[in-house]
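Open the model in your viewer and keep the sequence panel beside it. Each stop below says what to select and what is there.

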Amino acid sequence: ALKQIWDKGLLYKGFKIVPYCPRCGTPLSSHEVAQGYKTLKERTAVVRFKIVGEDAYFLAWTTTPWTLCSNIALCVNPDETYARVKAADGFTYIMAEALLDKVLGGIEREEGTPAYEIIEEYKGKDLEYKEYEPLYQCAADVAAKQHKKGHFVTCDDYVTMSDGTGIVHIAPAFGEDDAKVGRKYDLPFVQFVDGKGELTKETPYAGLFVKKADPEVLKDLDKEGKLFDAPKF
C-alpha cells in the first residue's frame with residue numbers, strides 16, 4: 001500500500017508543528033499536554049516594525065518574545081479596518097482601528113490632547129505585501145540563504161480584534177497558524193531553537209533557554225527603541 005502511495009507521488013517531506021518537551025527531548029501528543037495546563041502571567045511584546053521607505057511603523061503583538069528572532073512576516077486580517085495614526089509619542093503607526101484606544105490610550109500626553117489622530121484608513125487586504133525592515137539580521141540572513149522573500153505583510157482571517165494590535169508576528173517554525181501562513185506565502189523557514197529548547201548560535205541569545213531569553217529580548221528591543229510596550233497577559 002505504501003509503495004503504491006509512493007509510486008503515485010503522494011509522499012512528501014515537510015514540517016509539522018507539534019507540542020514539544022525540551023526536558024524529555026520529544027514531541028508530545030496534544031492529549032498529554034492538555035493534562036498539564038495552568039494559567040500563568042507572562043510579559044508579552046508590542047513591537048515597532050519599521051516600514052521600508054517610510055517614517056512609520058507597524059505595531060505588532062506577540063505572547064512569545066523569544067520567537068521574535070525568527071520573525072519572517074507580519075499578518076493582518078484581510079477584512080478588518082486598519083488605520084495610520086499620528087500618536088502622541090511622536091511616532092506614526094499602522095494597526096487595527098478597533099484596538100486603537102486599547103493600545104494607544106495609555107500614551108503619556110498633555111491634558112486635553114488626544115492620544116492619536118487618524119491620518120488614513122485601509123482594509124487589511126490593502127496592506128498585503130507591504131515590506132518592513134527585519135527585526136533581527138539573523139532571520140534576514142536565513143531568508144537570503146534560502147533565496148526566499150520575507151519581511152512583508154501577509155493576510156489571514158485567524159487574526160482577531162480581541163487582543164493585541166490586530167497585527168501578529170509570524171515565525172513559521174513555532175505555531176500552527178504561522179506555519180500555515182508560511183506555506184501559503186512560501187516564506188523562509190527559520191528555526192533558531194535546538195532540541196534542548198535553547199536559542200542557537202545564529203541569534204544574540206545563544207545557549208539561553210527560550211523562557212530565559214524573553215526578558216533579554218524585551219530589554220534589547222527597548223534599548224533599540226523597537227519596544228512599544230510589554231503588557232502582562
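Contact, in this tour, means heavy atoms within 4.5 Å. Residues are numbered from 1 along each chain as its sequence is written, and side-chain values use heavy atoms, with hydrogens and water left out. This is a predicted model, in which local features need pLDDT of at least 70 and side-chain atom pairs count only at pLDDT 80 or more, while totals for chains, interfaces and linings use all residues.

**Stop 1: Asp-156**

Select Asp-156, in the loop between β9 (153-155) and β10. Helices (H or I, at least four residues) and strands (E, at least two) are DSSP runs, numbered from the N terminus. Leaving aside neighbours within four places in sequence, which residues is Asp-156 in contact with? They are Cys-75, Val-76, Asn-77, Pro-78, Lys-180, Val-181 and Lys-184. Asp-156 is buried, at 7% relative accessible area. Buried means under 20% relative accessible area, exposed means over 50%, and partly exposed is in between (1.4 Å probe, protein chains only). Now add Gly-25 to the selection: its C-alpha is 32 Å from that of Asp-156, and 131 residues separate the two in sequence.

**Stop 2: the nonpolar core**

A nonpolar core is a set of buried Ala, Val, Leu, Ile, Met, Phe, Trp, Tyr and Cys residues joined through side-chain atoms within 4.5 Å. The largest one here has 65 residues. Select Phe-49, Phe-58, Leu-68, Leu-104 and Tyr-136, the residues with the most contacts inside this core. Then keep Phe-58 alone and show its surroundings. Not counting residues up to four places away in sequence, Phe-58 touches Val-47, Arg-48, Phe-49, Ile-51, Leu-74, Ile-94, Leu-127, Lys-130, Tyr-132, Val-153 and Ile-167.

**Stop 3: the cysteines**

How many disulfides does the structure hold? It holds zero; a disulfide is a pair of cysteine sulfur atoms within 2.5 Å. Select Cys-24, which is in no disulfide: the nearest cysteine sulfur, that of Cys-21, is 3.4 Å away. Cys-24 is partly exposed, with a relative accessible area of 45%. Next, select Cys-69, which is buried at 0% relative accessible area. The closest cysteine sulfur to that of Cys-69 is in Cys-138, and at 5.2 Å it is too far for a bond.

**Stop 4: helix α4**

Stay with Cys-138 and extend the selection along α4 (137-145). In this helix, Cys-138, Ala-139, Ala-140, Val-142 and Ala-143 are buried. An α-helix has 3.6 residues a turn, so residues three or four places apart point the same way. After α4 comes His-147, with a positive phi near 55°.

**Stop 5: positive phi in two loops**

Most residues other than glycine have a negative phi. Select Tyr-129, which is not a glycine but has a positive phi of about 70°. Tyr-129 sits in the loop between β8 (116-123) and α4, and is partly exposed at 49% relative accessible area. Then select Asp-186, where phi is also positive, near 50°. Asp-186 is in the loop between α5 and α6 and counts as partly exposed, at 46% relative accessibility.

**Stop 6: Leu-11 and Thr-26**

Keep Asp-186 and add Leu-11: the two are 175 residues apart in sequence and 19 Å apart in space, C-alpha to C-alpha. Leu-11 lies in the loop between α1 (2-7) and β1 (20-21). Not counting residues up to four places away in sequence, Leu-11 touches Leu-2, Ile-5 and Trp-6. Now select Thr-26, in strand β2 (residues 26-27). Thr-26 is partly exposed, at 31% relative accessible area. From C-alpha to C-alpha, Thr-26 and Lys-196 are 9.7 Å apart, although their positions lie 170 residues apart in sequence.

**Stop 7: the largest pocket**

On a 1 Å grid over the protein atoms alone, a pocket is an open set of points where a 1.4 Å probe fits, with protein on both sides within 12 Å along at least five of seven lines; lining residues have an atom within 4 Å of a point. About 1,900 Å³ of space lies in the largest pocket. Select Pro-19, Thr-64, Trp-66, Phe-174 and Gly-175, which are the closest to its centre of the 50 lining residues. Finish on β10 (167-170), which supplies three residues, the largest share of the lining.

Methods: Grid points are joined across faces, edges and corners, and a volume is the space filled by probe spheres set on the points.
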